[in-house]
Amino acid sequence: MYRVELSYDDTQLHLGTVENLEVVHEKGVYRLHLVSRSLTAMLLQNQLEPGLHATVSLDKLMTEFYTLPEEITWEASEDTSNYLYVKSNSSMWDGVVSLTYKIYASYPFVRGANEICMNPPDTYQTFTASDAAELLKVGTVTDQSLLCSDYYMADADGTYGAFHESDTEVSSHGLVRTKQLALDLQYIYNPQQALTFRRKFADRRLIRYYVEILGASTLSLGDRITYGSILNGALITRVCITGNGNGIRTRLEAYEDPFHPSTTSGE
């Protein structure tokens, strides 16, 4: 066994590797304990060659460094960055993140089973949640655990404090958390963006709206969800399907953070 596939209503929800498999025979019954990661997890498991890479596009990044399984697909994009600087021990996913931010000022995600996206899709499903029997609960989560109030970065001469970015909202919460960083060569074209990206990344998932529905869902990241006046065509940014003896349920989440500033619109 080399692959694990989970499907629902002819929609592939997961296609991944076998990380761990245990077969247990007990009291006349066989049970499988299986751990699987999606094929796109390989982007975290392969490192890019450090240094400067010129005219990099997503197509180039996905085809000219390693030969990955053909089931991994990606958004068709030949938009290029003038260069991509790779730090030591950086993964392919780090490269996708840097490239997406440089070109689109956004954050990439994996849609469906194994499709890498830099932008929300043009074609998507829209789910409208109502207070019908299928709706189990709704809620809001605020996560401030990763927030930082100030970021300082050195310049090429090693002088710290040459670049500074503050998060005024964090400061207004009475939090004092400061980072001191060496010059990030990934953003030498615009050093301030190194700090802006870190601020946005730390603020990710700041507010999470969720609805939990009965049964499995074929919705994916990049699809849209509407619920009352809170969510109006908001991008689905997390899908979690769980099950136990009481049945299967799906939790759909929409983030409100610097990468997803509004839940009233998917844009």
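**Exercise 1. Is C117 buried or exposed, and where is the nearest cysteine sulfur?**

Solution.
- Step 1: take the accessibility. C117 counts as buried because its relative accessibility is 3%. Buried means under 20% relative accessible area, exposed over 50%, and partly exposed in between (1.4 Å probe, protein chains only).
- Step 2: note the source. This is a predicted model, in which local features need pLDDT of at least 70, side-chain atom pairs count only at pLDDT 80 or more, and totals for chains, interfaces and linings use all residues. Residues are numbered from 1 along each chain as its sequence is written, and side-chain values use heavy atoms, with hydrogens and water left out.
- Step 3: look for a partner. The nearest cysteine sulfur to C117 is that of C240, 20 Å away. A disulfide here is a pair of cysteine sulfur atoms within 2.5 Å. The sulfur of C240 is therefore too far from that of C117 for a bond.
- Step 4: classify C240. It counts as partly exposed, because its relative accessibility is 25%.
- Step 5: count. The rule gives zero disulfides.

**Exercise 2. Which residues other than glycine have a positive phi in the loop between β1 and β2?**

Solution.
- Step 1: recall the background. Most residues other than glycine have a negative phi.
- Step 2: find the loop. β1 covers 3-8 and β2 covers 11-26, and D9 sits in the loop between them. D10 is found in that loop too. Strands (E, at least two residues) and helices (H or I, at least four) are DSSP runs, numbered from the N terminus.
- Step 3: read the angles. D9 has a positive phi of about 50°. D10 has a positive phi near 65°.
- Step 4: check the surroundings. D9 counts as exposed, at 60% relative accessibility. D10 is exposed, with a relative accessible area of 82%.

**Exercise 3. In which order do the strands β11, β12 and β13 lie, and what packs on their sheet?**

Solution.
- Step 1: set the order. The three strands form an open sheet, β12-β11-β13, with mixed pairing. Two strands pair if DSSP finds at least two bridges between them.
- Step 2: find the edges. β12 (163-166) and β13 (178-181) are the edge strands, and each pairs on one side only.
- Step 3: take the turn. Neighbouring strands of the sheet are turned by 10° against each other on average, direction ignored. Axes are lines fitted to C-alpha atoms, for helices over the stretch in contact, and angles run from 0 to 180 degrees between N-to-C directions.
- Step 4: inspect one pair. β11 (residues 150-153) pairs with β12 in the antiparallel sense over four bridges. H164 in β12 is the bridge partner of Y152.
- Step 5: add the helix. α5 (residues 191-202) packs on the sheet and touches β11, β12 and β13. Its direction makes about 25° with that of β12. Contact means heavy atoms within 4.5 Å.
- Step 6: see what is covered. The buried residues of α5 include A194, L195 and F197. Their cover includes α3 along with β11, β12 and β13.

**Exercise 4. Which element supplies the largest share of the largest nonpolar core?**

Solution.
- Step 1: define the core. A nonpolar core is a set of buried Ala, Val, Leu, Ile, Met, Phe, Trp, Tyr and Cys residues joined through side-chain atoms within 4.5 Å.
- Step 2: size the core. The largest one has 32 residues. L43, M62, L68, I72, V96 and I116 have the most contacts inside it.
- Step 3: list suppliers. α1 (42-45), α2 (58-63), β6 (80-86), α3 (92-104), β11 and α5 each give at least two residues.
- Step 4: pick the winner. α3 supplies the largest share, six residues.
- Step 5: zoom in. L68 touches M42, L43, N46, M62 and M92, leaving aside residues up to four places away in sequence.
- Step 6: look elsewhere. A second, separate core has 14 residues, including F127, A129, L135 and A234.

**Exercise 5. How many residues of α3 are buried, and what span should the helix have?**

Solution.
- Step 1: count. Ten of the 13 residues are buried. Among them are W93, V96, L99 and Y101.
- Step 2: compute the span. The expected span of a helix is 1.5 Å times one less than its number of residues. For α3 that is 18 Å, and its end C-alpha atoms are 18 Å apart, which agrees.
- Step 3: look past the end. A105 follows α3 and has a positive phi, near 55°.
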